[in-house]
Amino acid sequence: MRKLLLRWVLLAFSVVVASYVTQALGLKFRVDVSSFASVVALFAGVAVLSLLNATLGRLLKFMTLPLSCLTLGLFALVVNAAVLWFAASFKLGFTIDAEGTAAFFAALVASLLISFVSGALGVFVPDDRDD
């Protein structure tokens, strides 16, 4: 249970870092951490994002497997961006304030950054192996 909570906090931190970097790049992926209520909403949004990645993301990746094979796996990035865009539409702690192609590009860059930061920080979370 502690490992799950730690990964949840790391994913929330990754979303915040991705928000700051994308804003520095001029993209419209925003996170509100100005109050305790907004931080709680961010954690709820991260939980929704995790749930969507575990269900809808896996289903979409399975359905687009031939296209992913043709693009050598790069289409999985498009699926991740679409899931992030859908999760941001709930406006639970993070949003994408653009429309159309700009919104998709913001979701694509943010999903890449979230994957990178959470992967880099996930190295420090211990495995469940009994050595």
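This section describes the helix packing and the two largest pockets of a predicted model.

Three helix pairs are considered first. Two packed helices are described by the angle between their axes and the distance between the axes. For helix 2 and helix 4, the packing angle is about 140° and the axes lie 10 Å apart. Angles over 145 degrees would count as roughly antiparallel, and helix 2 and helix 4 are therefore classed as oblique to each other. Their crossing is right-handed. On the side of helix 2, the contact is formed by L49, L52, N53, L56, G57, L60 and K61; these residues meet A76, V79, N80, V83, L84, F86 and A87 of helix 4. Classified by residue type, this contact comprises 10 nonpolar, three polar and one charged residues.

Helix 4 also packs against helix 5, at an angle of about 105° and with the axes 8 Å apart. Because angles of 65 to 115 degrees count as roughly perpendicular, helix 4 is assigned that orientation relative to helix 5. Helix 4 contributes L77, V78, N80, A81, A82, L84 and W85 to the contact, while helix 5 supplies A103, F104, A107, L108, A110, S111, L112 and I114. The contact of helix 4 with helix 5 contains 13 nonpolar and two polar residues, and no charged residues. N80 and L84 of helix 4 take part in the contact with helix 2 and in the contact with helix 5.

In the third pair, the axes of helix 1 and helix 5 come within 8 Å and cross at roughly 135°. This angle makes helix 1 oblique to helix 5, and the crossing of the two helices is right-handed. The residues of helix 1 in this contact are R7, L10, L11, F13, S14, V15, V17, A18, V21 and T22. Their partners in helix 5 are V109, A110, L113, I114, V117, S118, L121 and G122. By class, the contact of helix 1 with helix 5 has 13 nonpolar, four polar and one charged residues. Among the residues of helix 5, A110 and I114 belong to this contact and also to the contact with helix 4.

The pockets involve the helices described above. The largest pocket has a volume of about 360 Å³. Its lining consists of 14 residues, of which L49, N53, K61, N80 and S115 are the closest to the pocket centre. Helix 2 (36-63), helix 4 (75-88) and helix 5 (101-122) are the elements that each give two or more residues to this lining. Helix 2 makes the greatest contribution, with seven residues. The lining of the largest pocket is made up of five nonpolar, seven polar and two charged residues. Of the residues closest to the centre of this pocket, L49, N53, K61 and N80 also occur in the contact of helix 2 with helix 4.

The second largest pocket has a volume of about 270 Å³. It is lined by L4, R7, W8, L10, L11, A47, S50, S118 and G122. Two or more lining residues come from each of helix 1 (2-24), helix 2 and helix 5, and helix 1 gives the most, with five. By class, this lining has five nonpolar, three polar and one charged residues. Several of the lining residues, including R7, L10, L11, S118 and G122, are also found in the contact between helix 1 and helix 5.

Terms used. Residues are numbered from 1 along each chain as its sequence is written. This is a predicted model: local features need pLDDT of at least 70, side-chain atom pairs count only at pLDDT 80 or more; totals for chains, interfaces and linings use all residues. Side-chain values use heavy atoms; hydrogens and water are left out. On a 1 Å grid over the protein atoms alone, a cavity is a set of points where a 1.4 Å probe fits but cannot get out, and a pocket is an open set with protein on both sides within 12 Å along at least five of seven lines; lining residues have an atom within 4 Å of a point. Grid points are joined across faces, edges and corners, and a volume is the space filled by probe spheres set on the points. Helices (H or I, at least four residues) and strands (E, at least two) are DSSP runs, numbered from the N terminus. Ala, Val, Leu, Ile, Met, Phe, Trp, Tyr, Cys and Pro count as nonpolar, Asp, Glu, Lys and Arg as charged, and the others, Gly among them, as polar. Axes are lines fitted to C-alpha atoms, for helices over the stretch in contact, and angles run from 0 to 180 degrees between N-to-C directions. Angles under 35 degrees count as roughly parallel, over 145 as roughly antiparallel, 65 to 115 as roughly perpendicular and the rest as oblique. A crossing is left-handed if the near helix is turned anticlockwise from the far one by less than a right angle, and right-handed if clockwise. Contact means heavy atoms within 4.5 Å.
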